[in-house]
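Reader: I'm new to this structure and would love a close look at a single part of it. Could you walk me through the metal site?

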Amino acid sequence: MQTYSRLKASISAAYQRRYYARRWERDLPEVLAMVDRGQFDRLPIIRKKDLSANWDDLVEYGDFVDVVSSSGTTGRPVELPVHRQQEQVWVDCVARVLSELGAGPGGKLLQLLSNNDMFSLGPLVWLASKKIGVGPFRCSAQRLQRIADVMNYHRPQFVVGNPMVMLNIADELGADFPPLERRPKYAYFAACAAFDAENALTPMAQRAKDVWGFEEVLNEYGCSELGSIGHECRAHNGFHINDDAVHVELVDPLTGRPSAPGKSGEVVVTALSLPRGFIAVRYGTGDIAAWLDTAPCACGRRSPRLGTIIGRIDHQLKVLGQTVYPDLIFNVVDQLTEIVDSVLVKYRDALQAEQVELWFCSSGRAEQAASTATALLQRHLAVSPPLRSVPLDIIRRVKQDRMARSNGVKLPRYVDLDNVRTYLDGVTS
Ligand SMILES: [Zn+2]
């Protein structure tokens, strides 16, 4: 099989890095024979903490031309060198999303993704726009007047950004939000899951699409260690995996074995293109995807498709013994117009017991909104976390405090609080 020979090429290259040889506890021919026997998925999954702890035995600087940072681990920060040719592959994968939207020479692109040092997709989109010839306007998402000016005076047809950030922009510009004919028609939704397990837009993404008046939106998925993993086509059948660059498996977090067909699991990725600063072989991303499907798509592509990302392994919540992912909760709650804003918080109470609560702010009576939301959550997810009505400024403060500690791209909606009292002092309900 084609995939087998490419897997074997990656494994052979990875074996030159001492960490893999040690971790696999087999000689190379034996590992390659496992692949031939269809036992590739018996190799151990490696994780970000392994990268941090075994840097010199895993990473090669080579002819690197960029460094990608990824947050969320203790110990040595993971700042991976991206080799020159590796960057070209990553740029190609991102360019596919722009091409699928119809972007090309002569087009104009409003680029709302951050180019800061903790976010790798921003610079990749910038390079991809040069590759296909669409002209980018780089706008910081905080500079509202400049964004309005770019739309009013240049009328870009395309925009790339996070839908939640786009909604905020429209909201905060208010009367200054440019009229429909000056807004982009086609959007690349990045750094979030914009559709659900049935491939329908999430309420948040739908709202962004309606408020901006987009004709078409496409969602893309990737991570800083691996580049872009896949993107939607116009048939909206999940993420088409970039199967020339990566091999993707779904693994059941409970058993460590491949997920059953149609079932959710952790996205485990092996790099297929070489060279790479970090050669991922069965790298556990921590993202949980809804499903993996190899059936051909209506668009004609035959690449496997990945269902939406429903959560993170480390964000699995136990509510009454049931596993629940925050995004699934928001997909339900965001349908309710009476809930103005919400945030899911986890904290330890006075007895050190872990509590999970949905803090919300409602436009009408809080008890009414809470019971409607609870009933809807029970119906869709079988369980509901306790709800707590709080003033809107507390929700904003929780998010902003958290945002200040992250890469400044995703607006956090699930927050682990170690100082819950500082938010709740003075709040009665
Ligand atoms: Zn397709």
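Author: Happily! Along the chain, the donors of the zinc ion follow the spacing C-x6-H-x56-C-x1-C. Donors here are N, O and S atoms within 2.8 Å of the metal (3.2 Å for Na, K and Ca), and since water is not among the atoms, sites may look incomplete. One pair links distant parts of the chain: Cys-233 sits in the loop between β8 (227–231) and β9 (239–241), while Cys-299, 66 residues apart from it, sits in the loop between β13 (292–293) and β14 (305–306). Strands are DSSP runs of E with at least two residues, numbered from the N terminus.

A word on the source: this is a predicted model, in which local features need pLDDT of at least 70 and side-chain atom pairs count only at pLDDT 80 or more, while totals for chains, interfaces and linings use all residues. Residues are numbered from 1 along each chain as its sequence is written, and side-chain values use heavy atoms, with hydrogens and water left out.

Now to the atoms themselves. Cys-233 (SG), His-240 (NE2), Cys-297 (SG) and Cys-299 (SG) coordinate the zinc ion at 2.1 to 2.3 Å. The arrangement is tetrahedral because the 4 donor atoms subtend angles of 104 to 114° around the zinc ion; for four donors, that term requires all angles to lie between 85 and 135 degrees.

How buried or exposed are Cys-233 and Cys-299? Cys-233 counts as buried, because its relative accessibility is 0%. Cys-299 has 33% relative accessibility, so it counts as partly exposed. Buried means under 20% relative accessible area, exposed over 50%, and partly exposed in between (1.4 Å probe, protein chains only).

Definitions and conventions
Tetrahedral: all angles 85-135°; square planar, octahedral: opposite > 155°, others 65-115°. Helix = DSSP H or I, 4+ residues; strand = E, 2+ residues; numbered from the N terminus.
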